[in-house]
Amino acid sequence: MTAAGKAPSKLILLGEHSVVYGQPAIAVPLRRPSAEALAHKTSSGSPAVLCLRDFDLDWSPGEDDSAPEIRPFAELLKALRARHSEIPEKGWKLEVRSDIPIGCGLGSGAAVSVAAVGALCACHGLGCGRRAASELAYEAEKVHHGTPSGVDNTVIAMGRPVLFKKGSEPELVDPPRAPVHLVVGYTGRRHKTSEVVSDVAKAREADAPKYDAIFSEMGRIARDGLSAFRLGRFPDLGRLMDCNQGLLELIGVSSPELKKLITAARAAGALGAKLSGAGRGGCMAALAADGESARRIRGALEAAGASKAFTTGILRGEECGASSA
Ligand code: PMV
């Protein structure tokens, strides 16, 4: 029997960085790109094997796990087996692949973790709820990012838009009835979330009143954005994205490459555009009024030097998870 797990990428529409300081953020799971995992049982005495297809890497528990691609999975498996002793140490194979660019704010790490958990649980006849998948993926996120807020693993495991606030139950948000047309532009420069987050923390230490005022303004924007998002008031949501970008620039996490793409998206008619994720490279996201406008913005991003640009939409919660056949 082969079991499959699938997980989406994500975008933070409003509230990255301030979310680390307890402010709310709105994050959405995307229709594409995504990560998937396939698991099947092998003969009971043979070592378990993890194949990371994108890196052409095979690893078995007990082998050296110091490679940066392997360490989060080693931690994930430890946490998974601690929770589900039914998953044996040996006798299974797990293949993971993803078309989510790495280190660009689309949640690639959390997506491969959630897909892997889904596949391994389904392969061993275990149900794994979304909350459990999120908690397990958080263990791997700590290896990736040090002190993650938890927004990535939450929105990706839930597979639904969320209003996320550290330390509180995530609020699942119904997406608007009208389609949300998003365009993502990748600068081609990977960022390291832990480094950007730590630079922001250092800057805040030097001027806490200024940074805390900016973070609370970002929190207000996310709260205002919630009703604009729910009700499909896209011009309002776009304006809030632009305001959020201004504040992200003030805390020093934008970059000339991001700015160039954001400016190009706005000139091509975006309702709003901002960096998404940690910043200093990675991705930006633009909100478009309709499909035709989204395609125009994608073309403008390509012309402005995006290494990748694509149109996408929001997942509504029903399309991801685990299955077995
Ligand atoms: O890892 P990224 O690029 O998706 O960024 C996550 C968002 C941050 O707010 C910058 C960090 C966090 O832990 O929430």
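1. Two rings of Phe, Tyr or Trp are treated here as an aromatic pair if their centres lie within 6.5 Å, the six-membered ring being the one used for Trp. In this structure, which is a predicted model, there are two aromatic pairs.

2. One of these is formed by Tyr21 and Phe215, whose ring centres are 4.5 Å apart with 10° between the planes; because planes under 30 degrees apart count as stacked, the pair is classed as stacked. The pair joins distant parts of the chain, since Tyr21 belongs to the loop between β1 and β2 (25–41) while Phe215 belongs to helix α6 (residues 208–230), with the two positions 194 residues apart in the numbering.

3. Turning to the ligand, 17 residues surround the molecule, and those that come nearest are Lys10, His17, Ser149, Thr193 and Ala278. By class, this shell consists of seven nonpolar, seven polar and three charged residues. Three elements, β1 (2–14), α4 (151–158) and α5 (193–206), each contribute at least two residues to the shell.

4. Polar contacts to ligand oxygen atoms deserve a separate point. A side-chain N or O atom of Lys10 is 2.7 Å from an oxygen atom of the ligand, the corresponding distance for the side chain of Ser149 is 2.5 Å, and a polar side-chain atom of Thr193 lies 2.6 Å from a ligand oxygen atom. The ligand taken alone would expose 380 Å², of which the protein buries 96%.

5. As for the site itself, the space that the ligand takes up is the largest pocket of the structure.

Note on methods: Residues numbered from 1 in each chain as written. Predicted model: local features only at pLDDT ≥ 70, side-chain atom pairs only at ≥ 80, totals over all residues. Heavy atoms only, no water. Near = heavy atom within 4 Å. Polar contact = N/O pair within 3.5 Å; in protein donor to acceptor, adjacent residues only side chain to side chain. Areas by Shrake-Rupley, 256 points an atom, 1.4 Å probe, with all protein chains shown as cover. 1 Å grid on protein atoms, 1.4 Å probe; cavity = no way out; pocket = protein on both sides within 12 Å on 5 of 7 lines; lining within 4 Å. Sits in = over half its atoms within 2 Å of the grid points. Helix = DSSP H or I, 4+ residues; strand = E, 2+ residues; numbered from the N terminus. Nonpolar A, V, L, I, M, F, W, Y, C, P; charged D, E, K, R; others polar. Phe/Tyr/Trp six-rings, centres within 6.5 Å; stacked < 30°, edge-to-face > 60°.
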